[in-house]
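Student: I should like to take a close look at the helices of one chain and the way they pack. Could you please guide me through that part, and then through its surroundings?

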Amino acid sequence: MKNTLALARAEVMRLRRNKRYAIFTVIIPVALYAVLGPQVKGAHAYGVDYAAYYMIALAALGAFSGALTGNSQRISQERKDGWVRQLRLTPLPPSSYVVGKIAASMALTIPSVVLVLLLGRFEGGVHMELWKWFAIFGAIWIGSLTFTALAIAIGYRFMPDTVQPIAMGIYLIMSIFGGLWFAVSGGFLQDIAKFIPTYQITRIGTDIIAGVSIPMTAFIVIAAWFAAFLALAIVSVRATAETV
Amino acid sequence: MTQGLGATGTPVVSFENVRKTYGKVRAVDGLTMELRPGETVAFLGPNGAGKSTSLDMLLDLRKPTSGRIAMFGSDPYHAIKEGRVGAMLQSGGLMPEVTVRELVTLVTGFHPKPEPVEQTLRRAGIEKFADQRVDKLSGGQTQRVRFALAIVGDSDLIVLDEPTTAMDVETRRAFWDNMKVEVAEGKTLLFATHYLEEADQAADRIIVINRGRLLADGTPAEIKSRAGAKRISFHLDQIDEPFLLGLPALVNVEIRHDQVQIQSSDSDRTLYAVLDAGYRPRDLEVSSLGLEQAFLAITAEDDKNYSEPAAASFAEAEESMR
């Protein structure tokens, strides 16, 4: 356990030095909110102020894109380079690599989500009770685990050249259909969005702010995706055990 | 420690009839071998002989199709997790975005019997660039960092797969000087190499494999004598082929026009027989075979005796497994 934590700490240190990761998790959501947030004052989405919706959406965007694109690319590259093999030759338990990745990505999601929420509070003028801030943070933070699981599956399955377009494609689908760039409205798009985990994570956030009860389907959709991605990750890690 | 292990008779490594097949290709085909405590063993074989696959199985990166591999009397996985093995593989990589020192410190921390980081850096000859980023190193520097990761702990067995490729002559010498320090501490060393003079100088024992099977196992001197330790060459006007083929201690004979080249395990006996038969060879030359020639002779003979078409595809098979 101590060794796995040491590995996770090293992963955090690496990610902090990685510009690409900072751009996806922190700079894009913060910049989008700073630039676009003030322009939609007065509008509404999902039953809350647009400023509040946009805060939730961009916090989710930073959290999930960091978990997805960062992890999948790195895992794939490190498998190709042989770092995963090298770790297998150390006394470290075999699960440490994946556990370390998850822990590091969870740790690094914190500042990105917190920054956007702070921006929402002080720039966007979003007000609510303290517990709601924590609940929203928790929902987005835990929700991003879904994409960490997917990233592990992709990273173990595909070579780095292939991972890039796959992760990008999923990123776009999840952002657009999940209503992270702009709120989805109207029949068709919303019907699709209901099955997208990023949409449901955002809706949990806005429902908390609006003070309405969260429909059970939101949790079911997220849990179903998480279970599917987790199963995919486990199968992928096992299937490649002979070729690390 | 080492003596004690030897006395109990537990080999450091044992392969019992180990096979690894990929479809129809037999990468390792019934390999049986043993490493005893304190030995320095060179693992030789042509490309595609099954060296990498064997080392991968030894280090629990691949599972044998059949047969048994033991390390310190238990299974390789547990020996590795107890820190009894330090290994460096051709295919092993490094964590990028950290400095050499950070990486060595991290991996040292995983070890139950860690060595001081500074000592590891010094022994691997990497202290000069310890504060550089791992992803900014040259090929030879990377190779030395990978070696450092194999010696971060006080392991009983060190496994090195072609440790000195990408090193210049100077670095290679420094590498072996450092390695001798490790071996002097009583560690068992198994290394695969392409440089046969390295095997000749550093190893107590040489294991030669070809097409996944054990071909020769002995001291460098034994391997050389098995291949025919001496080469005798001369010119002869009247060549009597049956007579030459019947010479004592003969390993191999090649005749080209009036030029005869003999490989012999006892050059004196062979030569005297030629003279006793009344021949007077001209331009007589007797020379020692190096390990390299011995190795080539042994594997060439083995390949000659083997004519299954699958043999040609071993190199490709091993390549495609990567």
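Tutor: The account below begins with the helices of chain A and then turns to chain B.

This is a predicted model, in which local features need pLDDT of at least 70 and side-chain atom pairs count only at pLDDT 80 or more, while totals for chains, interfaces and linings use all residues. Residues are numbered from 1 along each chain as its sequence is written, and chains are lettered from A and ligands numbered from 1 in the order in which they are written.

Two packed helices are described by the angle between their axes and the distance between the axes. Helices (H or I, at least four residues) and strands (E, at least two) are DSSP runs, numbered from the N terminus. Axes are lines fitted to C-alpha atoms, for helices over the stretch in contact, and angles run from 0 to 180 degrees between N-to-C directions. In chain A, helix α2 (residues 19–36) packs against helix α5 (residues 96–122) at an angle of about 10 degrees, and their axes are 9 Å apart. That makes α2(A) roughly parallel to α5(A), a term for angles under 35 degrees. Residues are in contact if their C-beta atoms, placed from the backbone, lie within 7 Å. From α2(A), the residues that meet α5(A) include A:T25, A:V26 and A:Y33; their counterparts in α5(A) include A:L108, A:P111 and A:L115. This contact has 10 nonpolar, three polar and no charged residues; Ala, Val, Leu, Ile, Met, Phe, Trp, Tyr, Cys and Pro count as nonpolar, Asp, Glu, Lys and Arg as charged, and the others, Gly among them, as polar.

Helix α5 of chain A also helps to cover the buried residues of α11(A), together with α6 (130–143), α7 (145–157) and α10 (197–210) of chain A, among others. Those buried residues are A:I222, A:W225, A:F229, A:A233 and A:V237, where buried requires 20 or more other C-beta atoms within 10 Å of a residue's own, with C-beta atoms placed from the backbone.

Chain A also touches chain B, and the contact takes 20 residues from chain A and 24 residues from chain B. On the side of chain B, α3 (76–81) and α4 (100–110) are the elements that give two or more residues. The most comes from α4(B), with four residues. By class, this side of chain B has 13 nonpolar, six polar and five charged residues.

Key. Contact = placed C-beta atoms within 7 Å. Parallel < 35°, antiparallel > 145°, perpendicular 65-115°, else oblique. Buried ≥ 20, exposed ≤ 12 C-beta atoms within 10 Å, placed from the backbone.
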